[in-house]
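Student: I am new to this structure and would like to take a close look at a single part of it. Could you choose one helix and walk me through what surrounds it?

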Amino acid sequence: NTLCVRNTSKVMAARVIGKKPTGGEVEVFLLNPVHPSTDPAVAFSQTCEDDSEEVVWECLLRGKKLRDGQHITASSPEGAEQGRLDIRVLGREGKVGRVALKWDPPHWPLAKLLEAVGQTPLPPYMRRQALPSDRVSYQTVYAEVDGSVAAPTAGLHFDTKVLAALHAKGVSFSSTVLHVGAGTFEPVSKEGSVREHVMHSEPFHVPVELLRQIGSRPRHHSSSTSSVTSPTPCSTHAPLLAIGTTSTRALESAYWAGVKLLEEGAPKDGQIVVAQW
């Protein structure tokens with residue numbers, strides 16, 4: 001009767017290697033959509049057929065002598081379905097900047113365009129360049145929703161055989177979504193305390209149906225032993241297992257989001273922000 005909660009966010013080819021008109025190489029690592037939508041699922045399904053609607057993303061920029069207004073171009077490799085991404089730097093502060101995107105073919109969703117011109121953003125500790133096979137291997141078998149720049153790593157332990165074996169033992173699965181950001185690779189500074197470390201933000205979604213499942217789990221009767229009293233029966237819910245830290249963060253944040261709703265009411269923009277502390 002264990003309920004397993006898994007994160008179905010999908011890793012996108014968000015690392016783009018482009019070139020300036022002078023031939024200099026620039027790495028653009030897309031982080032968060034800014035306009036016209038801040039929702040990653042919506043942003044990755046965005047096309048650029050509407051010239052009046054500028055597509056803007058926050059990103060990491062690595063390259064020499066980058067200036068505001070700089071144009072960068074990336075194209076798909078030979079033999080692949082041809083796509084082209086034009087990037088214009090709007091501004092930057094350190095390595096973090098904002099860029100405007102246009103691409104061809106304009107009717108392609110951004111997700112498809114990135115599959116053509118981008119690379120899988122492997123974690124730094126893997127110490128190698130991304131391979132075409134990483135599009136599959138650096139992905140959970142149940143990934144569905146576009147939006148992450150890193151895999152929810154604990155989920156990589158689950159293949160189809162493991163999932164089938166768990167189902168056969170009466171384990172049920174439900175899904176949440178937390179899109180992993182590049183800040184997940186940011187180490188805690190050696191100076192100062194952990195409390196001074198600023199965590200990156202990540203969008204998450206916990207379906208109401210999942211909350212109902214958690215609240216209505218069957219109860220089991222067991223015995224608890226105390227050093228003072230004799231064993232007495234107690235009633236506990238069936239086990240709830242969150243697969244990895246991303247699923248755990250989503251469930252914990254859903255609780256605190258509920259607290260904010262009760263105390264402050266629904267926000268006007270519909271976005272509930274759970275602060276770091």
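Tutor: What follows is a look at helix 2 and its surroundings, beginning with the protein as a whole.

The model is a predicted one, and its secondary structure comes to six helices and 14 strands. Along the principal axes, the C-alpha atoms fill a box of roughly 80 × 45 × 40 Å. The protein has 277 residues, of which 37% count as buried, and among its contacts with a separation of 6 or more, 63% are accounted for by residues 24 or more positions apart. The accessible surface is about 16,500 Å², and carbon and sulfur atoms hold 54% of that area.

Helix 2 runs over residues 110-117 and is mostly covered, with six of its eight residues buried. These buried residues are Leu-110, Ala-111, Leu-113, Leu-114, Ala-116 and Val-117.

To see where the helix belongs, turn to the largest nonpolar core, which has 34 residues; Val-28, Leu-30, Trp-57, Val-99, Leu-101 and Trp-103 are the ones that touch the most other members. The elements giving two or more residues to this core include strand 4 (25-35), strand 5 (55-62), strand 7 (84-93) and strand 8 (96-104), and they also include helix 1 (40-44), strand 6 (71-75) and helix 2 itself. Helix 2 gives the most to this core, with six residues. Leu-101 offers a view of the core from one of its members: leaving aside neighbours within four places in sequence, Leu-101 is in contact with Leu-110, and also with Leu-30, Val-55, Trp-57, Leu-85, Asp-86 and Ile-87. Apart from this core lies another, of 15 residues, and among them are Val-11, Val-206, Leu-210 and Ala-254.

Beyond the helix, the chain continues into the loop between helix 2 and helix 3 (134-137), where Gly-118 has its place. Gly-118 counts as buried because its relative accessibility is 6%, and the cut-off for that term is under 20%. When neighbours within four places in sequence are left aside, the contacts of Gly-118 are with Ala-13, Arg-15, Val-16 and Arg-135. Gly-118 and Val-28 are 90 residues apart along the chain, and their C-alpha atoms are separated by 9.5 Å.

At the other side of that loop, our next residue is Asp-134, which lies in helix 3. Asp-134 has a relative accessible area of 3% and is therefore buried. Its side chain has two polar partners to look for: the side chain of Asp-134 reaches the backbone nitrogen of Leu-131 at 2.6 Å, and it makes a polar contact with the side chain of Ser-137 at 3.4 Å. Not counting residues up to four places away in sequence, Asp-134 touches Thr-120, Leu-122, Arg-128 and Gln-129.

For another helix to set beside these, look at helix 4 (residues 160-168), whose N-terminal end is capped by Asp-159, with a side-chain oxygen 3.2 Å from the backbone nitrogen of Lys-161. After helix 4 comes Gly-170, which has a positive phi, near 90 degrees.

Definitions and conventions: Residues numbered from 1 in each chain as written. Predicted model: local features only at pLDDT ≥ 70, side-chain atom pairs only at ≥ 80, totals over all residues. Heavy atoms only, no water. Polar contact = N/O pair within 3.5 Å; in protein donor to acceptor, adjacent residues only side chain to side chain. Helix = DSSP H or I, 4+ residues; strand = E, 2+ residues; numbered from the N terminus. Buried < 20%, exposed > 50% of the residue type's maximum accessible area, 1.4 Å probe, protein only. Core = buried A, V, L, I, M, F, W, Y, C linked by side-chain atoms within 4.5 Å. Contact = heavy atoms within 4.5 Å. Areas by Shrake-Rupley, 256 points an atom, 1.4 Å probe, with all protein chains shown as cover.
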